[in-house]
Amino acid sequence: MNPTAPPAAPAASTENTPAQDPEQQWLDTVYRKGEKQLTPRAVVAGMLIGGVMCLSNLYVFFKTGWSLGVTLTACILAFALFELLRAAKLTKGEFTILENNAMGSVASAAGYMTGGGNMAAFGALLMVTTMRPSAVWLMLWFGVIAAMGVFAAIPIKRQLINKEALAFPTGTATAETLRSMHVAAHHGDAGAEGAGAGKAKARLLGIAGLMGAMLAFLRDAKEAWINLPSTIALPFTIAGRAAKDWTIALNCELVMVGAGALMSFRTAWSLLLSGMAGYAILAPRLAAEHAIKEVSYKAIVGWTLWPGAAILVASGLTSFLLDYKSIVRSFQGLSGIFTGGAKKSEKEEPIAEVECPAWWFPAGFAVLAPIVILLMGFLFQIPFWAGLIAVPLAVVMGFVAARVTGETDVTPTKALGPVTQAIYGLLTPGNLAGNIMSANVTGGVGLHSADLLTDLKSGWLLGASPRQQLKGQLFGVVAGALVVVPAFWLIMPDPSVLGSEEWPAPSCLVWAGVSKAFAGGLGGLPPGADRAMVIGLLLGVVLALAERFAPKKLLPFVPSPAGLGIALVIPASNAISMFIGATIAYVLRKTKPALGELLTVPVSSGWIAGESLMGIAIKLLVVAGVLQK
C-alpha cells in the first residue's frame, strides 16, 4: 500500500471472521492521525467558495424552490484552484485530500444557508406579514439556528456513522470523488487517468460557467445593443389565448436546464406532466369558471398553490411516518444519550480522543438555545413559553431528519416544517410570523445536523478528524449567515416580486399557504381550492405509499409527488426547461455512461453558477447606475 494514499473503508466482516469493533478497526486501519486538515487555506477557500455557492443557491432557490448540492462542486473547484496555484508556484505543498475534505465541510455549511427553511420561511414572512427584521438580527438568527444544527449532530454521530454505518449517499460519493482526484493526481501512473478526469471536470465547470454568465448578461443587461429575449413564445394558443399567457414557453435560461440535469428523470417528467396539466388544462377551466380573476402567473398560482402544497405536505408526512423503524431507532438512540448505556465510559474508549467530546453538545445548546428563544420573542412575538418548546422539538426533529438523510439521502424539511407549523398554529393561533419562523428553527437545525453528518461520513471513509470537520462547519455557518441576508436584499429589493413569474419562489408560497391555513382556517381559500386540497392530500398519500411499496421495476413510472407538487407553484416554462435538462442527462447516461458521468455534474453546476452569479452581478451594476433597470 502506498503510505500516502488514503486507505479504503474497512471491509465488512464475514461469518468466518471474528466480529471487530468498527471504531477500533477504523482507528487501526483508516484514521490518518496527524495529517493536516483544517488549515487556514482550507478555511479561507471553503468560506469563499461556500459564500459564492450560497449566492448561486439563493438565485436558484427563488427560481425553482430547490437548494442544490454544494460539496461535490466545491471540492472540484478547490482541487482545480490549488492545482493552478501550485503549477504557478503561488502555493507550497500539495492541497491534500483531507484539506479538501475539511474545505468541503466549510463550503457546504455556507452554501446550504439558503436551505432548511431559511429562505422559504423568510420569503413567506415577507409575503404574509409586514415584518422587516434588520439585516444584523437576521444574520444572527440564521447563524445561531445553523450552529445549533451543527452541535445537534454530536450525540448521534457515533451511532449513525460509526456503529450503524448508514449510507449517507452524498457523503459516500464525495469521498469517492476526492479519492479519484487526489490519489490519481499525486500517486503514480495508475492514477493518471483519474487525475485527468478531475482536471477535465474542473475545466468543463469553468467553460460552462462562462456560457451561463454570457447568456445571463445578453438576456438581462437591458442595453440598447442587446436583444436576447427572456422567453421564446410557442406557436399555438390555448382557450383563445397565446400559450405564453398561460406561462407555457421556452425559457432562455441555462440555470433551469442545469437544475433539471441534476435531478432524477422521474422527478423531471412528473414536473412536465403536472405543469402541463396545471397550466394547459386546469388554468383555462378556472378562467372559464371565473375562479381566477385574470390570466397571469400570479393569479393562476394563487389557486394551484393549494393542491400543490397539499401534495407536498401529505407525501412528505406519509413518507416520514412510513419510516417508523427509523423513528423508533431515533428515539431509542436519543434516550440512550441521556441514560448513558455504554459499556465503557467515554474516557476509556480510544475513539474518544478523536470524536467530538460529548460535552460540546450541551455546552453548545446552553449558549445558543437562550439566544434563539430570546430572538423568537423579540423578532417574531413568540411567547417565551412557546419558544421554550421549540428547542427540544428542534433537537428531536433534527435527530430524526439526520437518520432519514443517512438512510435515504433526503432531508425531510418539507415534512418537518409543516409539523412545526401545525403545532404552533395550535399553540399561538393567529401569529403568522411565529408560525412560520418556529418552523424555520426545526428545519434549520435538521438540515445543518444532517449536512454535518453527511460531511462526517466522507471524513469517516477518508480517515479525517471529526473535530476538525465540526469546526470547519462552524466557519461555514458564519460565512453563509454573512452572505445570505445582504444577498437576499440585493436580489429582492422589493419583496412584492416574490411569487411572480420572474421570481416564482415556490417554497415560499407553500410555507405561506400552510401558515395561513393553520393560523386562520380555510375560509379565505379561492373558490374550489378546498376540494382541490383534499384531492392533493389523497394523491400525496397514495404516491408516497406507491414510492415505498411499488415493485422496483415499476417505480420509474410512478409520478414523483415532489415533482407534481412543485410544478403547480412554478411557471410551466420552468418545468419545460428542467425536463429538457433531465432528458439530455438521462439519455447521455443511458447511451454513453462514462461521458455522462464526466459531463453531467460539472456542466450543470457551471451553467447554474455562471448564470446565477452574473444575474447577481447585473443587479449590482444596476444599483451602481452602470446598467439600466
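Here are legends for three views of this predicted model.

**View 1. The whole chain, with its 23 helices and 4 strands.** Helices (H or I, at least four residues) and strands (E, at least two) are DSSP runs, numbered from the N terminus. Of the 629 residues here, 56% are buried, and buried means under 20% relative accessible area with a 1.4 Å probe, counting protein chains only. Residues are numbered from 1 along each chain as its sequence is written. Because the model is predicted, local features need pLDDT of at least 70, side-chain atom pairs count only at pLDDT 80 or more, and totals for chains, interfaces and linings use all residues.

**View 2. Isoleucine 232 up close.** You'll find this residue in strand β1, which covers residues 231-233. Is isoleucine 232 buried or exposed? Neither, really: isoleucine 232 is partly exposed, because its relative accessible area is 44%, and partly exposed covers what lies between under 20% (buried) and over 50% (exposed).

**View 3. The largest cavity and its lining.** A cavity is a set of points on a 1 Å grid, over the protein atoms alone, where a 1.4 Å probe fits but cannot get out; lining residues have an atom within 4 Å of a point. The largest cavity holds about 30 Å³ of space, a volume being the space filled by probe spheres set on the points, which are joined across faces, edges and corners. Look for Trp26, Lys157 and Gln469, which are among the lining residues. Two elements, α17 (432-462) and α18 (466-491), each give two or more residues to that lining. The largest share, 3 residues, comes from α17.

Methods:
Heavy atoms only, no water. 1 Å grid on protein atoms, 1.4 Å probe; cavity = no way out; pocket = protein on both sides within 12 Å on 5 of 7 lines; lining within 4 Å.
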